[in-house]
Amino acid sequence: MNSVEYVARILKDEGVTWMSCYPSNPLIEAVAKEGIRPVAFRHERGAVMAADGYSRLSDRKRFGVVAVQSQAGAENSLGGLAQANADNVPILALPGGNSLDMLFVRPNFFAGKTWEPVLKRVEVITRPDQTGNVMRRAFHALRTGRPGPVLVEMPGDVCAAPIPDNAPAYASPAPAEYAPSASAVVDAARHLVDAKEPLIWAGAGVMSADACEELRTLAELLDVPVYTSMPGKSAFDERHPLSVGAGGSTVAGPARQWLDDCDVLLAVGTSLTSTPYGQRFSRDKFLIHAVIADEEVNKDTAADIGLVGDAKLTLAALIDAVKGLVGEDGRDTGVQARVKEARDTWLARWRPYLTNDDGPLSPYRVIHEMNEVLDNENSVVTHDAGAPRDQIVPFYRATTPHSYVGWGKTTHLGFSIPLMIGAKMAAPERMCVNLMGDGAFGMSGLDIETSARAGIPITTIVLNNGIMATYPGGFPTAREQFGVSHMQGDYAGLAKAMGAEGIHVTQAAEMAPALAAAMRLNAEGKTVLIDVKTRAENSRAPARFAE
């Protein structure tokens, strides 16, 4: 057995059932012989992003795995890994490598060196007998501490050589979990109980730690509103009377109100990174920052109490401490009536956008129909970068964990199609839907063919407004004289040409039937693209009403 075959065997033993790939890597054949399904994408970045999507919907024992070839294949993978690194998503990346003596010779591409800034851990198999040790370290990094992408680079000559009989055998590592100190938890609980206007900010770490139930329990005990960041959206049911909604570049009105007015803020499972794609809060808040990575505490925001540890363990400890202060049954602060009033007032202001029948359609009308028609609890919905993200995050109703996938500290256009293909592999029983603009479609639209060919059915909704709507005022001369930012295309027609189903929508009355048809077609195993003629409505201008 050589290293390639041993890695494939280890993946099988670790429960890996599929691997995204493109276009050539010895592992593709090796994993197929082990019964692991390789799924070939149309480009390497898409393969990485599909592995990312799978990881986001999986428990902590499962991770997306991606294999690409050395040189050009590895070079083209960087964008997807950067996105996973920014959003703290565990991926096992297995690029082929040049022979060991050529790794450091220009212009040969050394992934371990070039990718290092966007990886949690770098491993290179430099001797066949070290394969088991390398893979143990890689799986430990995937399972313990801050999630993130991990590289195992496989030099061709080393990995083709036989493994000696006396080589160390692979041993599957158990995750190492840790929790904050008991005294810090008690101090945090006391401040939450004594606060006049507390708020919980929940991030994606709550979902990756499988701690959504603990989040709900703590919120109900304290009777405290919950805001979710864009990556954390769906960690808390937005139908719950304590939900003030979610935010990224744009934000639900009640969420902004409580972010402004709260005096004590518990931020859990979030890095609180300062980014153009997230909300801010003033520094006069008493901040309790609960996160798994110690380097995130006091990074961009001064923390009054730092709780470093697993979100599930941290929330469980806070629940016990709070019960000791308010009792087993919790308390009633009257805040739920105020949250309802704020939500009703905000939605009333937005209803004209959400229910507008004029054509071309408003993107907000499309989102409204998604809320009305889709089975929210049995769907997975995501945005793409740009205007669709800003329009949908405050308004789509996320219910169960992972019913919405928020992403975007680095905001790669085109991420949503391969993301949903990976999500469908993780949750085949759910309808997987991505909302994107026509600009984003140009970055990954050919992976509609991947979805159709591989029998991994998703639904893509393209807001076809013929312009890059996020940049209406950036370059008026270039736009008006030379057509920069304008684009054209029959995207439903392209979908049909690639083996998928294409549906055109030009009027508001056609949107609900199109979504219903997509639900039926997805259930039949068919990939669907809904091409919606929308107006070029800049999300940033009207969305200010949401704040």
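This note covers one helix pair, the nonpolar cores and helix H7 in a predicted model.

1. Helices H14 and H15. H14 spans residues 335-354 and H15 spans residues 363-373. Their axes come within 8 Å and cross at roughly 105°. Angles of 65 to 115 degrees count as roughly perpendicular, so H14 and H15 are roughly perpendicular to each other.

2. The H14–H15 contact. H14 contributes Trp350, Tyr353 and Leu354. They meet Tyr364, Arg365 and His368 of H15. By class, the contact has four nonpolar residues, one polar and one charged.

3. The largest nonpolar core. This core has 93 residues. Met370, Ile461 and Ile530 have the most contacts inside it. Leaving aside neighbours within four places in sequence, Ile461 is in contact with Met370 and Ile530. Its other partners on that basis are Val366, Val433, Asn434, Leu435, Met436, Met511, Leu515 and Val532.

4. Another core. Apart from the largest core lies another, of 52 residues. Val89, Leu151, Val380 and Ala426 are among them.

5. Helix H7, span. H7 covers residues 131-143, 13 residues in total. From first C-alpha to last, H7 reaches 18 Å, close to the 18 Å expected at 1.5 Å a residue. Gly145 follows H7 and has a positive phi, near 75°.

6. Helix H7, burial. H7 is mostly covered, with 10 of its 13 residues buried. The buried residues are Thr131, Gly132, Asn133, Val134, Met135, Ala138, Phe139, Ala141, Leu142 and Arg143. Their cover includes helix H1 (3-13) and three strands: E4 (91-93), E6 (121-124) and E7 (150-155).

Technical notes
Residues numbered from 1 in each chain as written. Predicted model: local features only at pLDDT ≥ 70, side-chain atom pairs only at ≥ 80, totals over all residues. Heavy atoms only, no water. Axes fitted to C-alpha atoms, helices over the stretch in contact; angles between N-to-C directions. Helix = DSSP H or I, 4+ residues; strand = E, 2+ residues; numbered from the N terminus. Parallel < 35°, antiparallel > 145°, perpendicular 65-115°, else oblique. Contact = heavy atoms within 4.5 Å. Nonpolar A, V, L, I, M, F, W, Y, C, P; charged D, E, K, R; others polar. Core = buried A, V, L, I, M, F, W, Y, C linked by side-chain atoms within 4.5 Å. Buried < 20%, exposed > 50% of the residue type's maximum accessible area, 1.4 Å probe, protein only. Expected span 1.5 Å × (residues − 1).
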